[in-house]
Amino acid sequence: MAEQNVSIPNVPLNLRIQQLERLLEVSRTLSSLLELEPLLQMIIDAASDLTYSQESSILLYDDLEGDLKFEAAPWFKSSQMQELRVPIEGSIAGEVFTYGEPVVVRDAVADGRIFRAVDEHTGFETHSLLSVPLKVEEVCFGVLTAVNKYGGHFTSEDQYILETLASQAAVAIQNAKSLIEIQKAYEELADLDQMKTDFIAITSHELRTPLGLILGHATFLQDALGDDQREQMAVIIESALRLKEIIEDLSKVDNYRTGAAVLNWETVDLGVLVRRVSAGLMRLAEDYRVRIEFQLPGRPLVISADGEKLGLALSHIIRNGIMYNNPGGQVTISVEKAAGFAQFRVVDDGIGIPQEEQEKVFERFYQVENHMVRRRGGMGLGLSVAQLMVEMHQGRILLESEPGVGSTFTVLIPLDGEQDLSE
Ligand code: ADP
């Protein structure tokens, strides 16, 4: 508890103004220092200056060990002292920490509450001290102490100044600590993301070879089999081709992220591209009992693009229009060339996507339905691959959707003079 009868200050006015100016300057600097170590050093320097003390120190509560640990002190640089700890019971700092109130000790040699091990270890002699709590929103997390007042005793003025400094310092320390935590969490996330990327790269690479063998042998066997088994083999080949598509998607995402993906420019007729892509999805549309409608231009619309990558983007969007639909539903695919753009539009009257999910569906592995309760297949990669392919053409995908009504995906590919090859 605070020792009573603190001497009444008799500080000359100009000295007091100087002190307050210094406090103000320190407060301003405190909020701009984001690294913990220089911040703590600055606080103890200011504490010694402002109270005319020989030294100052900061102890912070360690909730794992349940004691106070020196985080800044004059002898701190000699590393073996860094682990020096002060117990909560049987120390002035522990008392300040427990009650959240300042303590002034005029004669440390005679005071039984002093934890003497610190002086014994450091060779420092404590004669007097002033300890104040470091707290934010009434929660105390450490103690700031000024030791050995020059030319007299610690006054109530010193106490006021040190408490004011401590209240500013406490917020700055908490901010710096939060920043460290955030940086740590960010680094952990970046590590996890790297692990995921490595996993994708390795898995897709390793799966490709055995799958190629399965497909090769199954195709060979299909020709050699009788009619009955041929149908079974067709199912095996179809499933293997689906697996191949998934692996291709995985490596497409990886190639794009590592910068290995390049565009192979060629002449592409947009109407032909849409027909080709849709043809590969007719069987799926039949299975889902979804009708596909086309609104294609009467004459060729030709641009320069990477037909395979653009086709892949369209294929994923159309596939979704079919799969996230209801039996009897419809998917309408239109193509047109507006000023400066080639525009593909895929409209479905399926289940729709809630507003708050519409940005997220383009993220890798994101699926609106929880993975465990999903009725449809997929890995949550289709739209992210589609977006990557479109972005490689400097284009973008727009989404409008309403749950229960349907979704419209619009792909816009900008055309400069050279890419627009139509008459
Ligand atoms: P996948 O279809 O493999 O799960 P996508 O990246 O293609 O992955 O799509 C992400 C999610 O967005 C899907 O899981 C689905 O929840 C939602 N989604 C995509 N397209 C549609 C659509 N046309 N209608 C309704 N929901 C859709």
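Is Tyr52 buried, partly exposed or exposed, and what is its relative accessibility? The legends below take up this question and then turn to two arginines.

**View 1. Tyr52 in a loop between a helix and a strand.** In this predicted model, where local features need pLDDT of at least 70, side-chain atom pairs count only at pLDDT 80 or more, and totals for chains, interfaces and linings use all residues, Tyr52 counts as partly exposed because its relative accessibility is 35%, the class between buried (under 20% relative accessible area) and exposed (over 50%), with a 1.4 Å probe and protein chains only. Tyr52 sits in the loop that runs between helix H2 (36-51) and strand E1 (53-62), where helices (H or I, at least four residues) and strands (E, at least two) are DSSP runs numbered from the N terminus. Its phi is near 50°, a positive value in a residue other than glycine. Most residues other than glycine have a negative phi.

**View 2. Arg289 in the loop between helix H8 and strand E8.** Although Arg289 is not a glycine, its phi is positive, at about 55°. The loop that holds Arg289 lies between helix H8 (282-287) and strand E8 (291-295), and Arg289 counts as exposed, at 56% relative accessibility.

**View 3. Arg257 in helix H6 and the residues it touches.** Arg257 belongs to helix H6 (residues 227-258) and is partly exposed, because its relative accessible area is 40%. Leaving aside residues up to four places away in sequence, Arg257 touches Asp193, Thr197 and Arg364, a contact being heavy atoms within 4.5 Å. Arg257 and Thr197 stand 60 residues apart in sequence, while their C-alpha atoms are 8.8 Å apart in space.

Residues are numbered from 1 along each chain as its sequence is written, and side-chain values use heavy atoms, with hydrogens and water left out.
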